[in-house]
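Here is a short report on one structure. Keep the sequence and the 3D view open while reading.

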Amino acid sequence: MTRRVYLDNNATTPVLPEVLEAMRPYFGERFGNASSIHSHGQQTRAAVERARESVAALIGARPSEIVFTSGGTEADNLAVFGVAGHRSPVTGHRESVPADHIITSTIEHHAVLNACRHLEANGCTVTYVPVDGSGVVDPDDVRRALQPSTKLISIMMANNETGMVQPVREIGEIAREADVYFHTDAVQAAGKIPVRVDEIGCDLLTLSAHKLHGPQGVGALYVRKGTALSAQMYGGRHERSRRAGTENVPGIVGLGRAAEVALAGFGRGDDLKMAELRDRLETKLLGIEACGVNGADTHPSQSTRRMGHPRVPNTTNIYFDGIDGEALVIALDLKGLAVSTGAACSSGAIEPSHVLMAMGMGAERARASIRFSLGKMNSAEDVEFALSVVPEAVERLRELSPVWKKLRDSSLELRATT
Ligand code: PLP
């Protein structure tokens, strides 16, 4: 049987056995609706509230500030529309107050970007601050973008494609001084690096269970006490009237357990061990001709902290000139290794990654990029397995690539003339 190694943990992570165990009773004998007043309901209510405490503990918040959602996308939408959007009483569509202004970045996840674009199409003004070549926002750009009508700043904590950590503390300070709400999407940061809402100074923060070894389809939005947030769904008074709908009890229990495991992992140095594995993978892969880490030019040994900016410990995004990233993903899958490209598939066409393009990369190199992302289940053997299949797969694809031939010919010509 082919060995299978999964290095696509930024897409989703496998549910940890202890998380599955914690969830199991809530699919069976503990089935009560958490809003019911009888003992079945009390049992599940207690489980939901325990999970709320665990999620709050992971990010240094109060349990009452945690709103459970159906995932990161819903939490991002709730933050953006809840602060800057209003539902039209006439059309029912979400609209902004036309004079409102939002600041976000060009590298956000589409859950934030498309929510902002929707408000923009309905009259709101949005500033998309750029990133530098290493994929990092300059806080001064955020400061300069402020307007008297700015309602919300939404800048992610760690990017899902490059893993680059954004200067959220500085942005939090800017937001505080300007008295503007600050939302950060911490979906790819939580469980990988410490996340403390008071240190960040954010008013809203997004989490998703399936990126930290919990189940898919459940997440949370941290809402700082006193934040004026309008609910986006109409129904019962669940989640203190901030998110209507019967709670996904097994999912919430899973998120709570995953948060506990993630927090305990920092004490054991899991993040440092993961950085070691990632650095070995990256350093060895950089031995391949004509490739590089997407982000700042840096010595591989300094890869966890490039140009003074930290990176989450599990991610490396590498371009291999002259290959097509999609073809490499398929070739590696056939060998038993699961990785991904930064490219998103929209309307049947493979668009180069908006994140890599925002970093100033050409479309060809962006299409030649692959993301490797590790998780808690990965071992040193998994990294060795990746190292045993990637160089050969890259070489095979390059042998067939007219782009690679062109690149080789022009670099040979260059060498001959210099
Ligand atoms: N934000 C970021 C940074 C993500 O990486 C993702 C998922 O890829 C999301 C939001 C969306 O989360 P979910 O899949 O839980 O809807």
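## Strand E7 and its partners

Leu152 has Tyr181 as its bridge partner in E8. This is a predicted model. Strand E8 covers residues 181-185, and it pairs with E7 in the parallel sense over 3 bridges. Leu152 also stands opposite Ile102. That second pairing belongs to strand E5, residues 101-105, which runs parallel to E7 and is joined to it by 4 bridges.

How enclosed is strand E7? E7 spans residues 150-154, and 4 of its 5 residues are buried, so the rest of the structure largely encloses this strand.

## The whole sheet

E7 is part of an open sheet of 7 strands. The order is E2-E10-E9-E8-E7-E5-E6, and the pairing is mixed. Which strands stand at the edges? They are E2 (66-69) and E6 (125-129). Each has a single partner strand, so one side of each has no neighbour in the sheet. From one strand to the next, the twist averages 20°.

The pairing of E9 with E10 is antiparallel. Strand E9 holds residues 204-208 and strand E10 holds residues 219-223, with 5 bridges between them. One contact to look for is Leu204, whose bridge partner in E10 is Val223. Helix H2, residues 39-59, lies across E2, E9 and E10. H2 runs at about 115° to E2.

## Helix H3 and Glu74

Helix H3 takes in residues 72-84. Its 13 residues should span 18 Å at 1.5 Å a residue. The end C-alpha atoms are 18 Å apart, which agrees.

H3 is mostly covered, with 11 of its 13 residues buried. Among them are Gly72, Ala75, Leu78, Val80 and Phe81. Charged residues are on the buried list too: Glu74 and Asp76.

Glu74 lies in H3. Is Glu74 buried or exposed? Its relative accessible area is 18%. The cut-off for buried is under 20%, so Glu74 counts as buried. Setting aside neighbours within four places in sequence, Glu74 is in contact with Thr69, Met233 and Arg243.

## Helix H14 and Pro391

Helix H14 covers residues 380-399. It has 20 residues and reaches 30 Å from its first C-alpha to its last. That is close to the 28 Å expected at 1.5 Å a residue. Buried residues in H14 include Val383, Phe385, Leu387, Val390, Val394 and Leu397. Asp382 and Arg398 are buried as well.

Pro391 has its place in H14. Pro391 is partly exposed, with a relative accessible area of 31%. Which residues does Pro391 contact, leaving aside its neighbours within four places in sequence? They are Ile288 and Ala386. Ala386 is itself buried in H14. Gly287 is 104 residues from Pro391 in sequence, yet the two are 9.0 Å apart in space, C-alpha to C-alpha.

## Rings and charges

How many aromatic pairs does the structure hold? The count is 0. Rings do meet arginines, however. Arg398 lies over the face of Trp404, at 4.0 Å from the ring centre. This is the Arg398 that is buried in H14. Arg365 lies over the face of Tyr319, at 3.8 Å from the ring centre.

Methods: Residues are numbered from 1 along each chain as its sequence is written. This is a predicted model: local features need pLDDT of at least 70, side-chain atom pairs count only at pLDDT 80 or more; totals for chains, interfaces and linings use all residues. Side-chain values use heavy atoms; hydrogens and water are left out. Two strands pair if DSSP finds at least two bridges between them. Helices (H or I, at least four residues) and strands (E, at least two) are DSSP runs, numbered from the N terminus. Axes are lines fitted to C-alpha atoms, for helices over the stretch in contact, and angles run from 0 to 180 degrees between N-to-C directions. Contact means heavy atoms within 4.5 Å. Rings of Phe, Tyr and Trp (its six-membered ring) pair if their centres lie within 6.5 Å; planes under 30 degrees apart count as stacked, over 60 as edge-to-face and the rest as tilted. A charge sits over a ring if NZ of Lys or CZ of Arg is within 6 Å of the ring centre and within 35 degrees of the ring normal. The expected span of a helix is 1.5 Å times one less than its number of residues. Buried means under 20% relative accessible area, exposed over 50%, partly exposed in between (1.4 Å probe, protein chains only).
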